[in-house]
Amino acid sequence: MAYQCIIVETRGPVGLVRLNRPQALNALNAQLMDELAKAIDVFEAEDAIGCIVVTGSEKAFAAGADIKEMQSKSYMDVYKEDFITRNWERVARCRKPVIAAVAGYALGGGCELAMMCDFILAGDNAKFGQPEINLGTIPGAGGTQRLTRFVGKSKAMEMCLTARMMDAEEAERSGLVSRIVPKDQLLDEAIKVATRISELSAPAVMIAKESVNRAYETTLAEGVRFERRIFHSTFSMADQKEGMQAFIDKRKPQFKNK
């Protein structure tokens, strides 16, 4: 597929997607999100890819959804086309880990896209926000839901009601991002982390991701029960036998992804 709104490449076992609409600060239009969904499809189907990194430019990860594209839509337009759900949620459904490397602005849909990824590495110039209230609407790609789960009700409510932006330091303190990296080292660090993940047992990584995500979907008791059963299931894997034997032997494990 020829991509026009994203740049796709591989870095060893890592699939890299760069959002690429610089004239619009990487505003997320339908074409870009369709292309991103397709790139995720391709990388997820490739056994050689163990982890995916999504990034933008140093100035903007994505400054929001494309307002010009959506402004004229009616309720029936967005309902019938399943606006946002149809293609945006593909990132959240990816079974392989997806890392957001965020520098500059991640606002509105950009913040929501970053939150759909499994974790966020933030450049020291990153700014996060949900400014939809300024447009007479509300976040529609998970901003009121994922942001609240990550930073708590008070901060999420303030950000959604006032459009206040959160800088990288506050985002790290609040649990929105895993850590801060100097912006000129951000992509290299994201590739390094993704490569490390790709060296591990692919099924174990996917199982761990599924188990962590379960914590947001159920009670503690049910979540622990799920974790316990899925932990038990790893004892049927060749990689579990190899990993534990390698630990005993004091050597690096040779995982076969089975």
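This passage describes the sheet, the salt bridges and one helix pair of a predicted model.

The strands come first. An open sheet is built from six strands. Their order is β1-β2-β3-β5-β7-β10, and the pairing is mixed. Strands β1 and β10 form the edges. Each of these two pairs on one side only. Neighbouring strands of the sheet are turned against each other by 25° on average, with direction ignored. In general, strands of a sheet pair through backbone hydrogen bonds, either parallel or antiparallel.

The edge strand β1 spans residues 6-11, and its partner β2 spans residues 14-19. The two pair in the antiparallel sense, over six bridges. Within this pairing, Val8 stands opposite Val17 of β2. Thr10 likewise has a partner in β2, standing opposite Gly15. Two residues separate β1 from β2, and the strands form a hairpin. The turn contains Gly12, whose phi is positive, at about 65°.

Salt bridges were searched for across the whole structure, and 16 were found. One of them joins the side chains of Arg11 and Glu9, with an N to O distance of 3.0 Å. Arg11 has a relative accessibility of 30% and therefore counts as partly exposed. Glu9 is also partly exposed, because its relative accessible area is 25%.

A further salt bridge connects the side chains of Arg86 and Asp34, again at 3.0 Å from N to O. Arg86 belongs to helix α4 (residues 85-88), and Asp34 belongs to helix α1 (residues 30-45). The pair therefore ties together parts that lie 52 residues apart in sequence. Arg86 is partly exposed, at 46% relative accessibility. Asp34 is partly exposed as well, at 31%.

Arg179 and Glu189 provide another such contact. Their side chains meet in a salt bridge of 2.7 Å, N to O. Arg179 lies in strand β10 (residues 179-181), whereas Glu189 lies in helix α10 (residues 186-198). The two residues are 10 apart, and the pair links distant parts of the chain. The two partners fall into separate accessibility classes. Arg179 counts as partly exposed, at 32% relative accessibility. Glu189 has a relative accessible area of 18%, so this residue is buried, the cut-off for buried being under 20%. Salt bridges also combine through shared partners: Lys155, Glu158, Arg164 and Glu170 are joined into one network.

The helix pair is formed by α11 and α12. Two packed helices are described by the angle between their axes and the distance between the axes. Helix α11 covers residues 202-214, and helix α12 covers residues 220-233. They pack at an angle of about 170°, and their axes are 9 Å apart. Helices α11 and α12 are therefore roughly antiparallel to each other, since angles over 145 degrees count as such.

Both helices contribute named residues to the contact. From α11 come Ile207, Glu210, Ser211 and Arg214. From α12 come Phe226, Glu227 and Ile230. By class, the contact of α11 with α12 has three nonpolar, three charged and one polar residue.

Notes
Residues are numbered from 1 along each chain as its sequence is written. This is a predicted model: local features need pLDDT of at least 70, side-chain atom pairs count only at pLDDT 80 or more; totals for chains, interfaces and linings use all residues. Side-chain values use heavy atoms; hydrogens and water are left out. Two strands pair if DSSP finds at least two bridges between them. Helices (H or I, at least four residues) and strands (E, at least two) are DSSP runs, numbered from the N terminus. A salt bridge is a side-chain nitrogen of Lys or Arg within 4 Å of a carboxyl oxygen of Asp or Glu. Buried means under 20% relative accessible area, exposed over 50%, partly exposed in between (1.4 Å probe, protein chains only). Axes are lines fitted to C-alpha atoms, for helices over the stretch in contact, and angles run from 0 to 180 degrees between N-to-C directions. Angles under 35 degrees count as roughly parallel, over 145 as roughly antiparallel, 65 to 115 as roughly perpendicular and the rest as oblique. Contact means heavy atoms within 4.5 Å. Ala, Val, Leu, Ile, Met, Phe, Trp, Tyr, Cys and Pro count as nonpolar, Asp, Glu, Lys and Arg as charged, and the others, Gly among them, as polar.
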